[in-house]
Amino acid sequence: MRGINLPAIIVGLLTVFVAGADEPAKGQSGLLGVPFHEVEIHDAFWSPRLKTNRLVTLEACLTQSEKQGNIRNFAIAAGREKRKHSGLVYHDSDLYKVLQGAAYTLREVRSPAVEERIDKIIELIAAAQQPDGYVHTYYTVHEPGKRWTNIAHGHEMYCAGHLIEAAIAYRQATGKRLFLDTAIRFADHICSTFGPGKRPDPCGHQEIELALVKLWRATDNRKYLDQARFFLEARGKGTDGRKLYGDYAQDHIPVRSQREVVGHAVRAMYQYCAMADVAAATGEKDYLHALTSIWHDIVDRKMYITGGIGPSAKNEGFTVPYDLPNDTAYAETCAALGMALWNHRMFLMTCDGKYADVLEREVYNGMLSGVSLAGDRFFYTNPLGSTGKHHRVSWFSCPCCPTNLVRYLPAMGERLYAHRGDDLWTVLYCGSTAIVPLHSGKVKIDQESKYPWEGLIELKLTPEKPMTFTLHCRVPGWCHELPEVAINGEKQREVIIDQSHVTVKREWKSGDVVRLTLPMTPQRVYADPKVKANVGRVALMRGPIVYCLEGVDHPDGRVRNIVLPPSAKLHAEFDPNLLGGVTVITGEALAVVDDPGGTKPMSIKAVPYSTWDNRAPGEMVVWLPESKELVEGRKKTSTK
Ligand SMILES: [Zn+2]
């Protein structure tokens, strides 16, 4: 998606320092995020979402895992039940993702009842583990003897990756070892089966690679990092007569030579996460070079305004540049979530705010649309237009999206702050309290804000002693004007912007307050003219939020006959009673009428895209025509 074309660097008032945008500035790479359990979120936007995730979505996911046989499969594999295996070859992974989500919520809020339930599941998983460490219920139960015979599509390593991630999370949440020991045995089995001088195959659906990097960090055992790198390096090589998996699984050329995104979107995102992790750990410059080029291919040419990626249902993935149809957009929730995971890593590696901009776009739009406000219904695909037939459902036969959301959301806190030495960065804005360990000492940071509805952000700093450090406050890419900065009530006349951050170095004392005012007004956004679907159309944004029109807010439930002329005035107001409290954009537009073939004035109300389909079902549109000629089927339409 282009046309948003937000400046990576905003020109400062008097003094401007600009660091290189694409390559990490020397000595600046490798920020550390502040872990989510060190960050307490207390705002009006995310707090209710996180609570709903913990109380409703997690429960829905656990109940479905019982109902759909994900848990029972382990009892069967352990020889405790005699039944057929339920579900598809990747069924185990969804249970692991739910367990990871449960572990994260337990780290935030301990619950003996939840813990007891999870312990029982983990005991079953451990019991289903084969003597050599292998764990995969489909092959163990359904096709014994055929394990590791279909690496391209068997999802054994994909499931292993999710097992490892969940096990690390549970160990960190509860201190219990059983799950982690199970994961380590499986990881060791994989390391002894695949590698130099052993089997040469990379994973068919990437995931094991990033999980092995996590396992290296959790155990300090370097062999897991080396194994992750081996799996990445094995892609696109077809050594020892191995048949390549092709574009679909990003196995067409070696990863370090890849310059454009291809194939299945979620596979691609998990691969890029792993490449970023390995690059951050080893300083692998070729990986960073590849990722930078791929990132531009996606963000400049293949991403929806919502952050949605992968327009095609055929390969659940990418097609050709600028192919971004709206009604048929596949834009899987998991792909947006993968893009968020990858861009957070890119930000930490480079300090470049443009990656945080994409992270922000995903979490407020293309990813968050995946779950209903009540937390119990889900989108798999996230189109940018609907005739009224697309709705969230309570579950899927492939429930990858709900089980991904349930593990992503509880860790929102880790995307708010980052640090390195005596430098502290804000990443996403959100009312919160965090303790950040800088080189010279700890700093407590209290953030008050009504983001994403208002651009005023107040940061109260409490260093453990008066300390000199540099605060880098992110200026989001959507912000077209210079933000106002005040320290202890005094407006700053000199503002230094470095890699999209207001940068202030000084001695900070307890009680110092930084106020950042990001001008937030409704914005008309245009797509690159090469995107055929959006020629002559405009979308509305305010701050990081992408808007849409829904039938329920308009006469006769119709929005696809609405024209928003370029001159239309737009107004924003917060409605505390709508959709849990959202800012809506209102304005005067035109409705195309059939007879006498003209238009009539009407008022419009746009709501955040992520909240659509939470009320009466109906039409939805993101990209509005600016002239009546573009209204589809206008001859047949009538406003009565
Ligand atoms: Zn999914």
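1. Let me start inside the protein, with Phe 194. In this predicted model, Phe 194 is buried, at a relative accessible area of 0%. Its partner is Phe 231: the two rings make a tilted aromatic pair, 6.1 Å centre to centre with 55 degrees between the planes. Phe 231 also counts as buried, again at 0% relative accessibility.

2. What does this pair tie together? Phe 194 sits in the loop between helix 7 (178-193) and helix 8 (208-219), while Phe 231 belongs to helix 9 (residues 222-234), so the contact joins parts 37 residues apart in sequence. Across the whole structure, the search turns up 24 aromatic pairs, so have a look at another one below.

3. That other one is Trp 453 with Phe 574. Their ring centres are 6.4 Å apart and the planes meet at 50 degrees, so this pair is tilted. Here the link spans 121 residues: Trp 453 is in the loop between strand 7 (441-449) and strand 8 (456-463), and Phe 574 is in strand 19 (residues 570-575).

4. Are the two rings of that pair buried or exposed? Trp 453 has a relative accessible area of 9%, and because anything under 20% counts as buried, Trp 453 is buried. Phe 574, at 44%, is partly exposed.

5. Trp 453 and Phe 574 are also worth viewing with their neighbours, since both belong to one aromatic cluster. The other members are Phe 45, Trp 46, Tyr 364, Tyr 429, Tyr 451 and Trp 478.

6. Now the metal. Which residues coordinate the zinc ion? One is Glu 332, through OE, and the others are Cys 334, Cys 400 and Cys 401, each through SG, with distances of 2.0 to 2.3 Å. Along the chain, these donors follow the spacing E-x1-C-x65-C-C.

7. The geometry of the zinc site is tetrahedral, with angles of 95 to 119 degrees among the four donor atoms. That label holds because four donors count as tetrahedral if all angles lie between 85 and 135 degrees.

8. As for the cysteines that end the zinc motif, Cys 400 counts as buried at 8% relative accessibility. Cys 401 is buried too, at 1%.

9. Last, two spots where an arginine meets a ring. The charged end of Arg 242 sits over the ring of Tyr 245, 4.9 Å from the ring centre. Likewise, Arg 506 places its charged end over the ring of Trp 508, at 5.0 Å from the centre.

Definitions and conventions
Residues are numbered from 1 along each chain as its sequence is written. This is a predicted model: local features need pLDDT of at least 70, side-chain atom pairs count only at pLDDT 80 or more; totals for chains, interfaces and linings use all residues. Side-chain values use heavy atoms; hydrogens and water are left out. Donors are N, O and S atoms within 2.8 Å of the metal (3.2 Å for Na, K and Ca); water is not among the atoms, so sites may look incomplete. Four donors count as tetrahedral if all angles lie between 85 and 135 degrees; four count as square planar and six as octahedral if opposite donors are over 155 degrees apart and all others between 65 and 115; anything else is irregular. Buried means under 20% relative accessible area, exposed over 50%, partly exposed in between (1.4 Å probe, protein chains only). Rings of Phe, Tyr and Trp (its six-membered ring) pair if their centres lie within 6.5 Å; planes under 30 degrees apart count as stacked, over 60 as edge-to-face and the rest as tilted. Helices (H or I, at least four residues) and strands (E, at least two) are DSSP runs, numbered from the N terminus. A charge sits over a ring if NZ of Lys or CZ of Arg is within 6 Å of the ring centre and within 35 degrees of the ring normal.
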